[in-house]
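Visitor: I've got a fresh model to look through, and I'd like a guided chat about its odd corners. Can you walk me through it?

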Amino acid sequence: MLTSGVALGLLIGFVFVGLAQPHSALDLSASGATSAATAGESAPGVGKKLSFDIELGDMYVKPASISVPRGADVTVNVTNKGNQQHTLSLEGVDTPLLDPGKSSTVHWGVISKSTQAWCLVPGHKDAGMLLAINVEGEQAQAATGGAADTAGGGNDATIDASAKPSADWKPVDPTLQPVEGGTTHNVTLHVQEKTMEVAPGVKQVRWTYNGTAPGPVLHGKVGDVFNVRLVNDGTMEHSIDFHASKVAPNIQMRTIKPGESLDYQFKAQFAGIFTYHCGADPMIYHMGNGMYGAVVVDPPNLPKVDKEIVLVQSELNLGPQGQPGDLKKMMAGTDDAVVFNGYYNQYAFAPIKVAPGARVRVWLDNAGPNQNMAFHVVGTIFDTVWKEGAYRLQPGNAEQGGSQTLDLLPTQGGFVEFTLPDAGTYPFITHKMMNMSRGALGIFQVGDNK
């Protein structure tokens, strides 16, 4: 359940879902103004009744601005020509939540000052769904306030690099679970919106699959069939896109409303580690708020190792404490942290235990949405590297070559193998150094495995 601290960030986008009450006229009179633009001067629009046709699309409003004489009485005819639900709100006078292809007529009433209207669905305003309403004779304002504006608000949460998690904090277990028996895997993923800690003392509303960000790791072999049921228990539209699949996106990856579900079946035809994520617009906002995960499909004849883990790299774009992330930061690429498995310096606070001499395989998925990845383990050399569908390096190669870093762009994946023969602590990092110092740091603890 969402906390009260989320109300201003999310509830405002949800209360309109069941709107059925009649819309009253809205008097947007400027402070101190009645029927005159200036003292002793009649407002030129008084008595005029104007009607405008407004088109809503996926992340746009058309036209982006309208001009009205001061004092005019305005009605808007709003049509949703996008592929998902939208609404248009002017200071509390709103259309209903419009399904694709639906229309609504709303009486806004007298307009006496320049203002803006926007879509109330979370993220849509910041993505650009704004309508500027300009009173003639005033300085025109653009339909801004979206991703083009300065990223980050003054009340956004901040990370204290010296802080530590609370005593009851538990890290995400990175262990890759064995493939379940059989060649068919039935999975149910529930979309849930919940407040989670993402760094010591920092909480954000995360949009999740099964309550975690990243979502559950799915594991299979080439030729296996995955039957995935997606259930939207959230308060807005969501979807899922499996990069491990070859399916018609408009059918199996379609966006579903709250309370709906869909069945998504795919056959794992290729080996590797593949990203899955929400594809609802704005896609970067859903991914940036936690809606991503990984599917591991073992290559044929993959040898056993002593320890096998999964690390998913992603970014934190902090909004205010207890609210969703900041879309403007996501669009501008000005993230606050880069993390493994969803939490700042997670495996520095809780090192991953490894037995001396154990052979380790680390599966890596870069969920992004923006930063690249350069995975490196300090104190060892990779003797095996798999990247995007093929081995790049294997033991016993004629060149006697080794690898120091695996580079991955957003939604690329692979794995590395290595041994850590001596007892001690071995940091693992993304060797893009600015990101190592912003949360992309962990430790392998060799020995002392009590």
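Guide: Happy to, and keep in mind that this is a predicted model. Let's begin in the loop between β13 and β14, where asparagine 210 is found.

Visitor: What is the phi of asparagine 210 near?

Guide: Most residues other than glycine have a negative phi. Asparagine 210 isn't glycine, yet its phi is positive. The value is near 60°.

Visitor: Is asparagine 210 buried, partly exposed or exposed?

Guide: Buried would need under 20% relative accessible area, and exposed over 50%. Asparagine 210 comes in at 31%, so the class is partly exposed.

Visitor: Which residue is joined to proline 214 by a cis peptide bond?

Guide: Proline 214 also sits in the loop between β13 (202-209) and β14 (218-221). Most peptide bonds are trans. Here omega is about 5°, and the partner in the cis bond is alanine 213.

Visitor: Where is proline 282, which has a cis peptide bond from aspartate 281?

Guide: For that bond, omega is near -10°. Follow the chain past β18 (272-277), but stop before α2 (283-288): proline 282 is in the loop between β18 and α2.

Visitor: What is the relative accessibility of glutamate 91?

Guide: Glutamate 91 has a positive phi, near 45°, and lies in the loop between β7 (89-90) and β8 (93-94). It counts as partly exposed, because its relative accessibility is 44%.

Visitor: On to the cysteines. How many disulfides does a search of the whole structure find?

Guide: Cysteine 119 is buried, with a relative accessible area of 2%, and cysteine 278 is buried at 0%. A disulfide needs two cysteine sulfur atoms within 2.5 Å. Over the whole structure, the number of disulfides found is zero.

Visitor: Which element gives the most to the lining of the largest pocket?

Guide: The largest pocket holds about 860 Å³ of space. Elements giving two or more residues to its lining are β12 (184-199), β13, β14 and β20 (307-316). With nine residues, the top contributor is β12.

Visitor: How many charged residues are in the lining of the largest pocket?

Guide: The lining has 41 residues, and among those nearest the pocket centre are Val172, Thr212 and Pro214. By class, the lining divides into 19 nonpolar and 14 polar residues, while the charged ones number eight.

Visitor: How far apart along the chain are aspartate 99 and lysine 257?

Guide: These two form a salt bridge, with their closest N and O atoms 2.8 Å apart. Aspartate 99 is in the loop between β8 and β9 (103-111), and lysine 257 is in the loop between α1 (249-252) and β17 (261-267). Along the chain, their separation is 158 residues.

Visitor: Lysine 329 forms a salt bridge with aspartate 336, so which of the pair counts as buried?

Guide: The closest N and O atoms here are 2.9 Å apart. Aspartate 336 is partly exposed, because its relative accessibility is 27%. At 6%, below the 20% cut-off for buried, the buried partner is lysine 329.

Visitor: Which residues are linked with Arg361 and Glu417 in a network of salt bridges?

Guide: Arginine 361 and glutamate 417 meet in a salt bridge of 2.7 Å, N to O. Arginine 361 is in strand β23 and glutamate 417 in strand β28, 56 residues apart, and both are buried. The network also includes Glu308, Arg359 and Asp383.

Notes: Residues numbered from 1 in each chain as written. Predicted model: local features only at pLDDT ≥ 70, side-chain atom pairs only at ≥ 80, totals over all residues. Heavy atoms only, no water. Helix = DSSP H or I, 4+ residues; strand = E, 2+ residues; numbered from the N terminus. Buried < 20%, exposed > 50% of the residue type's maximum accessible area, 1.4 Å probe, protein only. 1 Å grid on protein atoms, 1.4 Å probe; cavity = no way out; pocket = protein on both sides within 12 Å on 5 of 7 lines; lining within 4 Å. Points joined across faces, edges and corners; volume = space filled by probe spheres on them. Nonpolar A, V, L, I, M, F, W, Y, C, P; charged D, E, K, R; others polar. Salt bridge = Lys/Arg side-chain N within 4 Å of Asp/Glu carboxyl O.
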